[in-house]
Structures are given as structure tokens and as C-alpha cells.
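Colleague: I am new to this structure and would like a close look at a single part, the nonpolar patch on the surface. Please set it against the rest of the model afterwards.

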Amino acid sequence: MDLCGHATLAPAHVIFEHLGFSDESIGFDTRSGRLTVNRNDDVLGLDFPSRPAAVCDFPPDLIAGLGMAPVALMKSRDYLAVFDSEEDVAAIRPDFSALAKVETLGIIVTAPGKNSDFVSRFFAPRAGIAEDPVTGSAHSTLIPYWTGRLGKTKLHAFQISKRRGELFCEFRGDRVGIGGRALTYSTGFLRIEL
């Protein structure tokens, strides 16, 4: 995976919360270059590369897989399918076998939000992920799109998967800021006897 929000946010959370790291910023060297995570109270801010999408043709399996045609389609690493309303995005019941035929890592669906600037969902059946609950890498494409459409650089977003996630976004030209919260799900100890 060239870029992954979960794999960046989770270790930063552990380092900040459980390993006593006192600095306000952590850097990771990755396949996508240097990624930093900044701590601001309970919000962790990811600094990711911007991945603007370009208008493209509609692959037939995409529309079949989503069950409805978007009003616009673009592509970066992933397809970005734009719909008219949050209700449209929430109503999508994907056919994952059809979406798995679409030659891309993932499919982002998005629309204006009722209580946010935009909403999204992310499907990646070719990568073994039917629907991801919150997807940092998708926001590398969503943020430049919505900045261009809304004319603002600071955006509030919800990924409206079953679990839902709230994101605080910022367009920074060739970079994007993606802020969110992390919670520790479990802790444990490993005892090794020699």
C-alpha cells in the first residue's frame, strides 16, 4: 500500500499515548515520502500528499457495482464518483463482485454533506476491503476536489460508513491535512520465555 491513513494514525496514537512521546510531531518515512502526524489536544493531524483527480470515462462495472450513475467521475489512484446528495451516498448498496472488476485500488463516493462540507464512502474489494470505515488516503483526493468546488481550504467531513468517522481537512497545495481522533481499542502484553 503506497499510502494508508490507518497505518499512519495508529502508530502515532500509540507513540503519543502509550510510549510517553512528548514532542508535538512524529515523522514516518514511507513509500509516499515523509508523512508527519501532529498532535493538537485530542486531534491527530496527518500531513499527506495531495492527489487531485482528473475527469475520466465511466467503466461499465463501476455503475453496475454502485447501482446508480454518479453525476461526475474522476480518477487519481482511486475513482472519485460524485453524487448530488448525502442521501444518494448513504443509499448505495454496492455489488462488490462488480466493483472488484473495476481496475483500480478503490472507489470513493462523495456528495455535499447536510452537517458537513462533504461526505464520503470508500470501497476497495480488489484490495480485500469491502467498505473501509474511515479512509485517510481517499481524502488526499477528496480534499483537492472539494476545495476547488467550494472555494475554501478548511473543510469538515464525515465518512458515512456504518462506523462513521469525522475528519477535519485542510488543502495545502501539494499537501493535505487530515485531522481525526483515535481511541485505544485494547492493550496487552507479550511474555517471551527463553
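Modeller: The patch on the surface is formed by Leu190, Ile192 and Leu194, and together these residues have about 490 Å² of accessible area. Leucine 194 is located in the segment after strand E12 (175–180). The model is a predicted one.

In soluble globular proteins, nonpolar side chains tend to be buried together. For the buried side, turn to the largest nonpolar core, which has 28 residues. Val37, Leu80, Phe118, Leu142, Cys169 and Ile178 have the most contacts inside this core. Helix H5 (residues 136–150) contributes the most to the core, giving 5 residues. Leaving aside residues up to four places away in sequence, cysteine 169 touches Phe118, His139, Ile143, Thr153, Lys154, Leu155, Ala157 and Gly177. Another core, of 17 residues, lies apart from the largest one and includes Tyr79, Val89, Ile107 and Val119.

Charged residues come next. The structure holds 12 salt bridges. In one of them, aspartate 78 pairs with arginine 77 at 3.0 Å, N to O. Aspartate 78 counts as buried because its relative accessibility is 1%, and arginine 77, at 17%, also counts as buried. Glutamate 87 pairs with lysine 114, with 3.4 Å between the closest N and O atoms. Glutamate 87 belongs to helix H3 (residues 86–91) and lysine 114 to the loop between strand E7 (107–112) and strand E8 (118–124), so this pair ties together parts 27 residues apart in sequence. Lysine 114 is exposed, at 57% relative accessible area, whereas glutamate 87 is partly exposed at 43%. Finally, a network of salt bridges links Asp47, Glu170, Arg172 and Arg175.

Terms used:
Residues are numbered from 1 along each chain as its sequence is written. This is a predicted model: local features need pLDDT of at least 70, side-chain atom pairs count only at pLDDT 80 or more; totals for chains, interfaces and linings use all residues. Side-chain values use heavy atoms; hydrogens and water are left out. A nonpolar core is a set of buried Ala, Val, Leu, Ile, Met, Phe, Trp, Tyr and Cys residues joined through side-chain atoms within 4.5 Å. Buried means under 20% relative accessible area, exposed over 50%, partly exposed in between (1.4 Å probe, protein chains only). Helices (H or I, at least four residues) and strands (E, at least two) are DSSP runs, numbered from the N terminus. Contact means heavy atoms within 4.5 Å. Patches are made of residues with over 30% relative accessible area and no salt bridge: like charges are joined within 9 Å, nonpolar side chains (Val, Leu, Ile, Met, Phe, Trp, Tyr) within 5 Å. Accessible areas come from the Shrake-Rupley method with a 1.4 Å probe; for residues, only the protein chains shown count as cover. A salt bridge is a side-chain nitrogen of Lys or Arg within 4 Å of a carboxyl oxygen of Asp or Glu.
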